[in-house]
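Please take a moment to turn the model in front of you before reading on. The paragraphs below lead through it step by step, with each term explained where it is needed.

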Amino acid sequence: MDSRMHELSIANAILDAVRIEAQKHSCSHVTKVCVRVGALSGVEPEALSFGFTALVLGTDLAPLALEIEQVPRRQRCPNCDLTFEGAEEDLACPRCGRIETELAGGDELNIAYLEIDSPESEVPSPKSNHET
Ligand SMILES: [Zn+2]
């Protein structure tokens, strides 16, 4: 199984989407792309990050950072309408105890946002320097 190919083609698709956006804002540079990866999307975040970094080098889009936002599996209870994070082994509703709940998310794979370096829009950078 060559799962690398899978992540590489996804990385390519992300780059294509970024390129389209960059063309819309012709005088600015996209500095960061944030991608939402669901737990059920079948995408390995590390492999995607690796493939993306390799791909972006040498393109006109470099330097471009990739941020991966991992989205947990979500289930919805048809009985009490509660949406909750589901674990593979336990998908029962935590509120009413219904065993059969339906998948409500966690299989997504999309671009959450782009950070664009443009002179007119000054975005204050959030200071999150928490080092572990
Ligand atoms: Zn319920």
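Two strands are said to pair if DSSP finds at least two bridges between them, and the strands themselves (E, at least two residues) are, like the helices (H or I, at least four residues), DSSP runs numbered from the N terminus. This is a predicted model, in which local features need pLDDT of at least 70 and side-chain atom pairs count only at pLDDT 80 or more, while totals for chains, interfaces and linings use all residues. Residues are numbered from 1 along each chain as its sequence is written.

With these terms in hand, we can start from the smaller details of one sheet. Strand S3, residues 74-76, pairs with S4 in the antiparallel sense over three bridges, and within this pairing Gln-75 stands opposite Phe-84 of S4. The two strands belong to an open sheet of three strands, ordered S4-S3-S5, whose pairing is antiparallel. Strand S4 (83-85) and strand S5 (102-105) are the edge strands, each pairing on one side only. From one strand to the next the twist averages 40°, where axes are lines fitted to C-alpha atoms, for helices over the stretch in contact, and angles run from 0 to 180 degrees between N-to-C directions.

Stepping back to the whole protein chain, we find two helices and six strands, which follow one another from the N terminus as α-β-α-β-β-β-β-β.

A second open sheet can now be placed. Its three strands come in the order S2-S1-S6, and the pairing is mixed; the edge strands here are S2 and strand S6 (109-117), each of which pairs on one side only. The twist in this sheet averages 20° from one strand to the next. What holds such strands side by side? Strands of a sheet pair through backbone hydrogen bonds, either parallel or antiparallel. S1 and S2 pair in the parallel sense over seven bridges, and among the partners are Val-33 with Leu-66 in S2 and Gly-38 with Val-71 in S2. S1 and S6, by contrast, run antiparallel and are joined by eight bridges, with Asn-110 in S6 as the bridge partner of Arg-36.

One residue of S1 shows how parts of the chain that are distant in sequence come together. Thr-31 lies in strand S1 and is separated from Glu-115 by 84 residues in sequence, although the two are 5.6 Å apart in space, C-alpha to C-alpha. If its neighbours within four places in sequence are left aside, Thr-31 is in contact (C-beta atoms, placed from the backbone, within 7 Å) with Leu-64, Ala-65, Glu-115 and Asp-117. Is Thr-31 buried, exposed or partly exposed? A residue is buried if 20 or more other C-beta atoms lie within 10 Å of its own, exposed if 12 or fewer, and partly exposed in between, with C-beta atoms placed from the backbone. Thr-31 has 14 C-beta neighbours inside 10 Å and therefore counts as partly exposed. Of the 132 residues of the protein chain, 17% count as buried.

Some of the buried residues gather in a nonpolar core, that is, a set of buried Ala, Val, Leu, Ile, Met, Phe, Trp, Tyr and Cys residues joined through C-beta atoms within 7 Å. The largest such core has 14 residues, and those with the most contacts inside it are Ile-10, Ala-11, Ile-14, Val-33, Val-35, Leu-48 and Phe-52. Helix H1 (3-24), strand S1 (29-38), helix H2 (45-56) and strand S2 (65-71) each supply at least two of its residues, and the largest share, four residues, comes from H1. Val-35, leaving aside its neighbours within four places in sequence, is in contact with Ile-14, Leu-66, Ile-68, Glu-69, Ile-111 and Ala-112.

Helix H2 deserves a closer look. The buried residues of H2 are Leu-48, Gly-51, Phe-52 and Val-56. Seen down the axis of H2, these residues fall within an arc of 120°, so they line one face of the helix; the arc is that of the directions from the helix axis to the C-beta atoms. The face turned away from this buried side carries the exposed residues Glu-46 and Ala-54. Just after H2, Gly-58 takes a positive phi of about 85°.

Definitions and conventions: Contact = placed C-beta atoms within 7 Å.
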